[in-house]
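This briefing is meant for a reader who has not met this structure before. It begins with one working definition, gives an overview, and then goes through selected regions by topic.

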Amino acid sequence: MNCVLKTLCTVCLAFGVAWGREVTVPAGPLLRVEGQSVALPCSVTNYEGPREQDFDWMVVRGDTDMDTVQIISTFDASFTDVSLRERVASGDILIKRLADNKVELGIKEVKVTDSATYRCKTPSTDTQIVGNYAADVELRVIPNSLVVEPRTPAAVIPEGGTVGLFCNASWDHTLGTQLSVTWSARKGVATLEDLLTFGPDGAVVVTDTAAQRYASGGLRLDLHRKGTYGLVLTGAVPADQGVYVCTVREWTREGGTFYKLQQKRTDIGHVSITPTAQSLNISAHGSTALTTGDTLTLSCLVGADDYSILGLEVAWLTAGSRVLARMDRDGVVSNGSGTDPVAAAGLKRVREGEFRLVVPAMETSDAGMYLCQVRAWARLSGGGWYQAAEKTSNQLQVRVTHLEVSNHVCVKRTAALSGSKTTQQDLRKRDEDSERQKRRRERKRQSSREGEHRFQRALLGPGHARLPVNSPGLECQRDQRPRTNRDNPAAISCRASWSASLGVSGLTRVPGPPRPAWAPGLMPWPSEEPLTFKLRLLQTGEMDLGEYTCSVSTWSPARSGGWDSTVDQQTPAFKLSFATKSPTLSVVARRVREATSSGATFEMSCQVMAENLRSPAYSVLIHAQVTPSAPQRRIASLSPESVVRLEDWSEPGRQDSVVLLRTGPHEFSFRLQGVQVSDRGFYSCEVGAWTKQPGETDWTKAVRGVSNKVQISFDHTGPSFGISISSDTTSVYPWETAKMECAMSVSGTPPNPDDMVFELRWFLTRLRGADDPVLLATMDRHGVVKRGPRNDSSDVSLERSGPHSYRLSLYSAQDSDTGEYHCAATPWIRSPATGSWSQAPALTSARVFLNVKFALWDSMKLPLLFGVCAAAFMGLLSLLLGLICTRCCCRSTSYTPRPRTKLMELEMD
């Protein structure tokens, strides 16, 4: 029986505990990061009494009740301990009711000293004390040791290139937390889009938009260095252009799952993808004036940012779209076939970016327009190729002329010239000699053509004079440009010709008397043809100017042996003079260092190319424009004596930020350090070439040139500002005080308050709608106030009334203070990374109108009132004094009876 009773009691006790009050908190310990917000929920179930329950929160720092500190309660406002009242009053510690039986203890910015055991307790409303009325949870607060720093990638990447997105993350890993890194992209005005997440616990999560690219190898992780997390994007396309962001999150395990402690996000940088079609440049060059049988050589020059990531397919075509030769991106050459001479064209890669077309044995039918067509292929991330661009070069007009050679032999003339009798055997022998000489000339002509690159090409005149038929003649072939530049070589050719009936195959050239030694600067030039002789003058000068003639002597065999001079011919003289060429100057500007953010350094180089100038000196002037059509602003100049001067640079505190120097004989460098938002725009170089005349000391400007424009453009990622103005009144009376307030608003991501200051200026416009404001007072970013000059009896003061508000007080207002008031502010932001201050665009507020009244009645009513009151008072006082005097001072005490005497007549008076 006793055992049965004990069993029933045990069952009832267990049932009561199971159905009694139960207070629950999260299972600890809970790990949180210093400076983050913490929420500790607490709920109660299986209770009796009212539906809404009260909760008390306490912190336990020891084993005794003395170590328990009361935090906050939903029932008693005075429950908080003295040591925590300030934090509770400021809202740093608060209690929030989530339901009738559930509350949440919140700490906005938890500290390391807040690490302790927190106890949630509910006062009893049950009829019986059954269950638990308090629950404890341990909170551990660790220092905020997570630091995230980006590694800025290259700002401009060619299409098909590789982009490395790296960020460095460090934290105290001994605390048992883990990191995850997420790479995101913001393209244009679109929202941030995640690409790939690594971690925690080594997991890799790829979004749907990047899954295919990651599977094909276009996205890959680079985790070779400790603390550096990288995502490499290969096969870049123009759609990849945008701002890339790195987000690092710190995690801890709670209840078998990961709980996010904190996250920090930083911009890696803006990446611009240059399309291949934009960077690809094609040009064709080569010698286009040929004769029949010559070899055509044309070069196709291909310019690109990076040849290693491109596959080039080059084809040479004629104007009729006939393909002469083609080279695919693997280097395999294909061309026409058959008996067409052009079908034997060859195409080869001379060096990187240069492809040469070689067509042997040109004919007149091969003349026409030739052009080069290039297709650029970029590799996909999956290994395939796609055509990125296709361009065609300039057309080259190839001209092929036919040279006719006369091979007729006049036996009669030969006999007459030799002076001997001609037999049939002599004719046969002469024919054989003629054939041998013809073959010898052909070999010599071929050798001369092969060595053509070693000699200067002579440009021959259009016509010549021949002697009568059957007589030897002489012609002088002049250069098409008989004028030459000083110190340049000049070539003069002299051609001996015979009539067509005689032909060239029967000629025999015999050297005459011994030639004199050649003077310095003069030398004979090897002939390209058997009957052409040239004279070349090296380093021409004033002494070489004049008239030149060519004298040729013809020699024939004498009967007694030896040679006799038969004919002497001399060409007409022609004049040799210096060519008059105008000097030219071209300037090319290129970006050396790009400014990607405020505070960075911008550098550009100006390359000068001059022609027809002798020992010039250069002056450089740097121009800046907000837009290409806006007026130009002169930044800095460099004189021919290399003296640097700042021109329209209106920022005295940044004079050392502008650098202009000479880096080479024909190259100059311009550097702008600490770029501000106001520096964005287009920059160009204006270069002037200066020369000195012999015997003079002053420079004379010969020619000038202006370069292309280089743009400074970066996104202003800082906060945006707004400005507003308010006044306590719109009208005041003279000698009263008016107060106006100018307030700045910050939107976006606000910087640290210590890293943001304002410059303020107050203006007054006396005529409504006019545009001639008067400066009243200014406050610089260091807080120094300066007032403008004033001739009135009123006074103004400027003071800071709040973190972002400034108050202007107008004392002893006068009628001259009537008008429109407005304020202008210039924000300054300090970069946390470099510590340099950058200037944001200036802000101008709206205008408020202040009227100083002058009412006649308002100015005279008080004097009139005082006068009327004084007059009334004096009148009453006079009446009162008169009454008193008549009653008290002049009154008779005896009674005088009224006389009864009748009036006398007027005559008796």
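A charge is taken to sit over a ring if NZ of Lys or CZ of Arg is within 6 Å of the ring centre and within 35 degrees of the ring normal. By that definition, the charged end of R151 sits over the ring of F166, at 4.7 Å from the ring's centre. The model discussed here is predicted, and the protein in it has seven helices and 61 strands. Of its 909 residues, 36% are buried, and among the contacts with a separation of 6 or more, 59% are between residues 24 or more positions apart.

**Charges over rings**
- Besides the placement of R151 over F166, the model has R781 lying over the face of W828, where the distance to the ring centre is 4.3 Å.

**An open sheet and the helix across it**
- Six strands make up an open sheet with mixed pairing, and their order is β11-β19-β18-β13-β14-β15.
- The edges of this sheet are β11 (156–158) and β15 (204–206), and because each has a single partner strand, one side of each is left without a neighbour in the sheet.
- From one strand to the next, the twist in this sheet averages 30 degrees.
- The edge strand β15 runs antiparallel to β14 (residues 193–198), to which three bridges join it, and in this pairing V206 of β15 is the bridge partner of L196.
- Helix α3, made of residues 208–215, lies across both β14 and β15, and its direction is at about 115 degrees to β15.

**Strand β30 and its partners**
- In a regular strand the side chains alternate between the two faces of the sheet.
- Strand β30 (residues 396–401) has a covered face made up of L396, V398 and V400, whereas Q397, R399 and T401 belong to the uncovered one.
- Strand β21 (residues 289–291) runs parallel to β30 and is joined to it by three bridges, with R399 in β30 as the bridge partner of A289.
- Strand β28 (residues 368–379) pairs with β30 in the antiparallel sense, over three bridges, and here V398 in β30 is the bridge partner of G368.

**Aromatic pairs**
- Five aromatic pairs are found when the whole structure is searched.
- In the pair of F602 and Y683, the ring centres are 5.8 Å apart and the planes stand at 40 degrees, so the pair is tilted; the class of tilted pairs takes in those whose planes are neither under 30 degrees apart nor over 60.
- This pair links distant parts of the chain, since F602 belongs to strand β41 (residues 602–611) and Y683 to strand β47 (residues 681–691), with their positions 81 residues apart.
- Are these two residues buried or exposed? F602 is buried, with a relative accessible area of 1%, and Y683 is buried as well, at 2%, because buried means under 20% relative accessible area.
- F602 and Y683 also belong, together with F670, to one aromatic cluster.

**The surroundings of E647**
- E647 is placed in the loop between β44 (644–646) and β45 (658–664).
- What does the side chain of E647 make a polar contact with? The partner is the side chain of R634, at 3.3 Å.
- When neighbours within four places in sequence are left aside, the residues in contact with E647 are L621, R634, I635, A636 and S637.

Note on methods
Residues numbered from 1 in each chain as written. Predicted model: local features only at pLDDT ≥ 70, side-chain atom pairs only at ≥ 80, totals over all residues. Heavy atoms only, no water. Pairing = 2+ DSSP bridges. Helix = DSSP H or I, 4+ residues; strand = E, 2+ residues; numbered from the N terminus. Axes fitted to C-alpha atoms, helices over the stretch in contact; angles between N-to-C directions. Contact = heavy atoms within 4.5 Å. Phe/Tyr/Trp six-rings, centres within 6.5 Å; stacked < 30°, edge-to-face > 60°. Buried < 20%, exposed > 50% of the residue type's maximum accessible area, 1.4 Å probe, protein only. Polar contact = N/O pair within 3.5 Å; in protein donor to acceptor, adjacent residues only side chain to side chain.
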